[in-house]
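Welcome! Take a moment to look over the chain before reading on, and then we can walk through it together.

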Amino acid sequence: MAEFFLELLSEEIPARMQAQAAQELERLLAPVFADLQAEGTQSFYGPRRIAIAARVAAQKPGMALEERGPRDSAPEQALTGFLRKHGATREELVAESGYYVLRRNLAAVPAAALLLEALPAVLQKFSWPKSMRWGASGTFTWVRPLRRIICLLDGAVIPFTLGPITAGNETEGHRIHGPGPFAVSSAPVWEEKLREHRVIVNQDERRRKIAEGLAATAATRGLSIAPDDALLDEVTGLVEWPVPLIGQIDSHFMDLPPEVRELSMRINQKYFALRHKDGKPAPYFAFIANLEAEDGGAAIIAGNERVLRARLADARHFWDLDLKVPLNELLPKLEKITFHAKIGTQWERAERISSLAQEIAECLGADGYEAAQAAWAGRLAKADLVTGMVGEFPELQGIMGGYYAEHSYRGWDGRIVGPAIRTHYQPKGPSDDVPTGVIAMSVALADKLDMLREFFRIGEKPTGSGDPYALRRCALGIIRIILENGENGLRLNLKPLMNGNETLFDFIIERLRVKLRGEGKRFDILDAVLAAGSDDDLVRLMKRVDTLSAMLGTEDGKNLVAGYKRAANILKIENAKDGPHSADYVAGPLPDREEQEFRDGLEFVLRETVPAFEAENYPQAIAGLAKLRSLVDAFFEKVTVNAPEPELRRNRLRLLARFVGAVHQVADFSKIEG
């Protein structure tokens with residue numbers, strides 16, 4: 001097979017667009033690669049280039065084409081359009097069964113000819129999130145001005161033209177360390193020569209080199225890098241020849257909240273935060289330069305320290321200014337901020353969150369003092385929206401309110417209220433921690449429940465893929481907060497907090513199903529448990545689901561489900577004949593030993609298992625239920641349910657009804673798939 005290689009070299013491509021561009025290039029070339037039976041495709045992307053290499057067949061194989069066209073009675077325009085589409089003439093058509101049919105033998109096409117013809121049209125379809133028009137005609141669009149194209153097939157140039165550029169075999173290295181064009185003959189040569197010209201083209205290697213370089217440089221000072229995968233990805237897309245450096249933060253700024261320093265460093269300057277061995281912030285920052293300076297980076301470090309000093313001076317100004325006004329005195333300003341036209345202001349929202357947080361805290365067992373602190377935290381949770389710091393850094397909302405509550409308390413306990421405010425937006429994503437403790441949990445739940453209650457009240461529910469107010473994320477946050485705090489004994493019934501909105505509870509349960517599906521767990525078991533009786537304690541609900549899942553993974557469990565479904569099906573059929581059969585059966589001796597043992601086993605389950613179930617001893621309850629498996633098997637094997645004697649038949653159907661009823665106290669097994 002031949003080696004195909006394509007590189008598109010341009011001015012700097014935004015880091016956030018590079019990986020997507022490489023995927024787009026693969027997608028666009030997929031039909032061409034399919035024709036040439038491509039193998040071993042490899043993509044590259046970086047600050048100034050995207051590239052792709054693959055092994056392809058020497059030619060597209062010949063083939064017989066048969067295409068049915070329009071009816072032989074169709075208008076002339078339809079026939080003309082069909083001929084134009086296939087580049088055919090009328091003489092090539094035959095009439096069969098009322099249709100025109102085109103048959104032709106297509107000759108094999110050399111890979112070079114196919115690529116030369118296909119690539120311009122394919123690459124013209126390249127889509128960027130943002131692009132610019134340039135070139136002499138101003139009609140060609142690309143993310144930034146396109147400078148060079150390499151297109152090689154086994155070292156030979158495929159000289160197609162894209163916009164103002166014709167493909168060749170030359171590329172360029174690092175702007176400072178390796179300027180000027182040079183020729184390459186293959187993808188491996190391209191990669192190696194660019195390395196010589198101070199460009200690492202493999203994005204995975206570049207990312208690894210950055211991470212390892214940062215860690216090694218920090219270790220020289222006994223420090224470590226604060227994990228930040230998103231920043232690492234971004235920096236990988238900003239540099240071609242990474243050189244790690246460390247600068248120092250003035251001690252004057254170390255009393256700022258670490259989130260303030262680190263957000264300013266990350267957002268504005270792409271700096272990495274450093275930590276001492278005990279995990280505390282260190283007065284240093286790490287960054288990646290894109291060149292090897294003759295002075296070892298001293299001038300670059302000094303320049304970056306100067307820039308950071310100015311940034312942090314601005315942050316210091318906002319911090320000092322905000323601290324002059326106690327947080328509660330900012331609350332009236334929230335009356336001027338509309339949260340939603342149909343819902344009201346941020347001040348009204350704060351009052352609702354306060355009341356709801358106090359109610360939740362009481363439900364969680366808080367005493368009067370704790371409930372009052374939860375109310376304060378809820379009332380102050382949105383006050384930092386009108387501070388200078390959050391105006392400058394919106395990402396810090398909630399976090400700054402927590403710090404300000406700790407520094408300027410008036411009637412609340414800053415040590416309790418501050419952390420609760422700081423975490424009330426959590427969890428923001430699947431990897432984010434949830435708030436812990438009664439007060440923090442209460443405020444976070446109140447914030448999310450208020451969002452759901454109010455938007456459901458005005459009919460603004462998520463539809464399809466549309467969720468402009470992130471209500472699905474709110475519901476998932478509620479689920480995680482409750483379940484993960486439930487491990488520490490904090491339990492909550494949700495329905496009393498729903499203002500009677502059953503649809504809202506169903507929405508949260510649906511998000512729980514989605515969560516289980518995403519974790520590879522069986523959500524049909526959740527449906528089975530819910531069908532046995534609505535339960536709004538998510539911790540208890542998931543305990544039942546997990547225990548039942550474990551049982552259904554055993555042979556006893558699988559066979560018990562099979563026995564249940566057989567019994568339920570018999571009852572369904574017989575109930576249709578002569579009405580529902582009660583679970584009351586005749587006591588005393590029974591004619592068959594297996595029937596007797598089945599009845600006695602059911603009595604044991606109802607006497608021992610059901611109380612264990614009600615006491616939330618689910619392993620014991622499920623284990624007792626599983627013991628019925630052998631009794632059910634024996635009953636169906638030896639006993640004829642539809643006995644000819646009417647009373648015997650009715651009694652056995654009552655026995656099955658009692659069995660199904662006993663199982664239903666744990667779960668509705670008819671919902672179990674398989």
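What share of the contacts in the protein with a separation of 6 or more comes from residues 24 or more positions apart? The answer is 67%. Keep in mind as we go that this is a predicted model.

Let us begin with the whole chain. Its secondary structure comes to 23 helices and 22 strands. Of the 674 residues, 48% are buried. Measured out along its principal axes, the C-alpha trace spans about 100 × 90 × 50 Å. A compact globule of 674 residues would have a radius of gyration near 26 Å, but this protein has 35 Å.

Now we can follow the chain by its numbering, stopping at a few places along the way. An early stop is Asp 154, in the loop between strand S11 (residues 146-153) and strand S12 (residues 156-157). Asp 154 is not a glycine, yet its phi is positive, at about 50 degrees. With a relative accessibility of 55%, Asp 154 counts as exposed, because the cut-off for that class is over 50%.

Further along is helix H7, residues 258-269. Its 12 residues should span 16 Å at 1.5 Å a residue, and its end C-alpha atoms are indeed 16 Å apart, so the two values agree. Which residues of H7 are buried? They are Val 260, Arg 261, Glu 262, Leu 263, Ser 264, Met 265 and Gln 269. The cover over these buried residues includes strand S19 (272-275), strand S20 (281-289), H8, helix H11 (388-392) and helix H12 (399-407). Just after H7 comes Lys 270, with a positive phi near 60 degrees.

Helix H8, which helps to cover H7, runs over residues 298-323 and holds Asp 314. Asp 314 is partly exposed, because its relative accessibility is 44% and that class lies between 20% and 50%. Asp 314 and Leu 291 are 23 residues apart along the chain, and their C-alpha atoms are separated by 29 Å.

The next stop is the loop between helix H13 (414-422) and helix H14 (438-457), where Gln 426 lies. Pro 427 is in this loop too, between H13 and H14. The peptide bond that joins Gln 426 to Pro 427 is cis, with omega near -5 degrees. Is Gln 426 buried or exposed? Its relative accessibility is 18%, so Gln 426 counts as buried, the cut-off being under 20%. Leaving aside neighbours within four places in sequence, Gln 426 is in contact with Asp 432, Asp 433, Val 434, Pro 435, Ala 444, Lys 448 and Ile 481.

Two helices then meet. The axes of H15 (residues 471-486) and H16 (residues 502-518) come within 9 Å and cross at roughly 75 degrees. That angle makes H15 roughly perpendicular to H16. On the H15 side, the residues that take part are Leu 471, Arg 472, Ala 475, Leu 476, Ile 478, Ile 479, Arg 480 and Leu 483. On the H16 side they are Phe 507, Ile 508, Arg 511, Leu 512 and Lys 515. By kind, the residues of this contact divide into 9 nonpolar, no polar and 4 charged.

Helix H19 takes up residues 555-578. At 1.5 Å a residue, its 24 residues should span 34 Å, which agrees with the 35 Å between its end C-alpha atoms. Its buried residues are Gly 557, Leu 560, Val 561, Gly 563, Tyr 564, Ala 567, Ile 570, Leu 571 and Glu 574. An α-helix has 3.6 residues a turn, so residues three or four places apart point the same way. The buried residues of H19 pack against helix H18 (538-552), helix H21 (618-626), helix H22 (628-638) and helix H23 (646-664). After H19 comes Gly 579, whose phi is positive, near 85 degrees.

Our last stops are Leu 606 and Glu 616. Leu 606 lies in helix H20, residues 593-614, and is partly exposed, with a relative accessible area of 23%. Not counting residues up to four places away in sequence, Leu 606 touches Pro 611, Arg 658, Ala 662 and Gln 665. Arg 649 is 43 residues from Leu 606 in sequence and 23 Å away in space, C-alpha to C-alpha. Glu 616 is found in the loop between H20 and H21. Although Glu 616 is not a glycine, its phi is positive, at about 65 degrees. Glu 616 is partly exposed, with a relative accessible area of 25%.

How values were computed
Residues numbered from 1 in each chain as written. Predicted model: local features only at pLDDT ≥ 70, side-chain atom pairs only at ≥ 80, totals over all residues. Heavy atoms only, no water. Helix = DSSP H or I, 4+ residues; strand = E, 2+ residues; numbered from the N terminus. Buried < 20%, exposed > 50% of the residue type's maximum accessible area, 1.4 Å probe, protein only. Axes fitted to C-alpha atoms, helices over the stretch in contact; angles between N-to-C directions. Parallel < 35°, antiparallel > 145°, perpendicular 65-115°, else oblique. Contact = heavy atoms within 4.5 Å. Nonpolar A, V, L, I, M, F, W, Y, C, P; charged D, E, K, R; others polar. Expected span 1.5 Å × (residues − 1). Rg over C-alpha atoms; globule rule 2.2 N^0.38 Å.
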